[in-house]
Amino acid sequence: MSDVIDVKAIDSEKAESLKTVGWVSYLLHLVVAVAAVVPGAQVGASLLIVALIIDLVKKGDAEGTWQASHFAWRIRTVIWAGVLYVVTSPLFLLLYLPGAIAWAVISIWFLYRIVKGMVRMNASQAMPD
């Protein structure tokens with residue numbers, strides 16, 4: 001009996017597991033991003049919070065891999081979008097239109113970042129810092 005551990009298989013399994021987690025997170029983000037752009041299709045922030053929690057919990061597992069940049073990318077995207085939504089919410093007090101325009105721009109930016117991340121992850125490429 002041999003006590004040899006196949007390190008390559010473990011690394012490959014870890015990489016595939018991280019990629020699966022990444023796809024689940026990106027798809028949750030994508031649902032929220034598309035719903036934010038399509039009028040009347042709001043799904044609420046609960047899916048985004050679930051995706052953020054998944055990313056925060058699994059981020060440490062990705063340290064030292066190209067996928068770590070994707071976890072950081074998604075977390076930064078959600079945090080920045082949240083801050084921008086909060087900062088621009090007073091525009092709705094002026095008139096509806098300025099707030100709606102600001103939130104549409106933020107939503108399109110959010111959608112762009114999610115799609116860009118999905119494309120790069122599909123190509124097994126790290127995200128830029």
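User: What makes Tyr85, Phe92, Tyr96 and Trp103 one aromatic cluster?

Analyst: It comes down to ring pairing in this predicted model. Rings of Phe, Tyr and Trp (its six-membered ring) pair if their centres lie within 6.5 Å; planes under 30 degrees apart count as stacked, over 60 as edge-to-face and the rest as tilted. By that rule there are three aromatic pairs, and Tyr85, Phe92, Tyr96 and Trp103 form one cluster.

User: Why is the pair Phe92 and Tyr96 called tilted?

Analyst: The centres are 5.5 Å apart and the planes make 50 degrees. That distance is within 6.5 Å and the angle is neither under 30 nor over 60, so tilted is the label left.

User: And why is Phe92 with Trp103 called edge-to-face?

Analyst: Here the centres are 5.1 Å apart with planes at 90 degrees, so the pair is edge-to-face. Phe92 sits in helix H4 (residues 91-94) and Trp103 in helix H5, so this pair ties together parts eleven residues apart in sequence.

User: How do you know whether Phe92, Tyr96 and Trp103 are buried or exposed?

Analyst: Check the relative accessible area: buried means under 20%, exposed over 50%, partly exposed in between (1.4 Å probe, protein chains only). Tyr96, at 62%, counts as exposed. Phe92 has 29% and is partly exposed, and Trp103 is partly exposed too, with 31%.

User: What makes Arg74 and Asp55 a salt bridge?

Analyst: The rule wants a side-chain nitrogen of Lys or Arg within 4 Å of a carboxyl oxygen of Asp or Glu. Arg74 and Asp55 have N to O at 3.0 Å, so they pass. Arg74 comes from helix H3 (residues 68-88) and Asp55 from helix H2 (residues 46-58), so the bridge ties together parts 19 residues apart in sequence. Arg74 is buried at 0% relative accessible area, and Asp55 is buried at 0% as well.

User: Which other salt bridge is there, and how do you know how exposed Lys58 and Asp61 are?

Analyst: The structure holds two salt bridges; Lys58 and Asp61 form one of them, with the closest N and O atoms 3.0 Å apart. Lys58 has a relative accessible area of 26%, which makes it partly exposed; Asp61 is partly exposed at 34%.

User: What makes a set of residues a nonpolar core, and which residues have the most contacts inside the largest one?

Analyst: A nonpolar core is a set of buried Ala, Val, Leu, Ile, Met, Phe, Trp, Tyr and Cys residues joined through side-chain atoms within 4.5 Å. The largest has 13 residues, and Tyr26, Leu48, Phe110 and Ile114 have the most contacts inside it. Helix H1 (7-37), H3 and helix H5 (96-122) each supply at least two core residues, while H5 gives the most, with five.

User: Why is the group with Val87 called a nonpolar patch?

Analyst: Patches are made of residues with over 30% relative accessible area and no salt bridge; like charges are joined within 9 Å, nonpolar side chains (Val, Leu, Ile, Met, Phe, Trp, Tyr) within 5 Å. Val87 in helix H3 has 57% relative accessibility and counts as exposed, so it clears the 30% bar. Ile79, Trp80, Val83, Leu84 and Val87 form the patch, with about 460 Å² of accessible area together.

User: What are the ground rules behind these values?

Analyst: Residues are numbered from 1 along each chain as its sequence is written, and side-chain values use heavy atoms, with hydrogens and water left out. Since this is a predicted model, local features need pLDDT of at least 70 and side-chain atom pairs count only at pLDDT 80 or more, whereas totals for chains, interfaces and linings use all residues.

Conventions: Helices (H or I, at least four residues) and strands (E, at least two) are DSSP runs, numbered from the N terminus. Accessible areas come from the Shrake-Rupley method with a 1.4 Å probe; for residues, only the protein chains shown count as cover.
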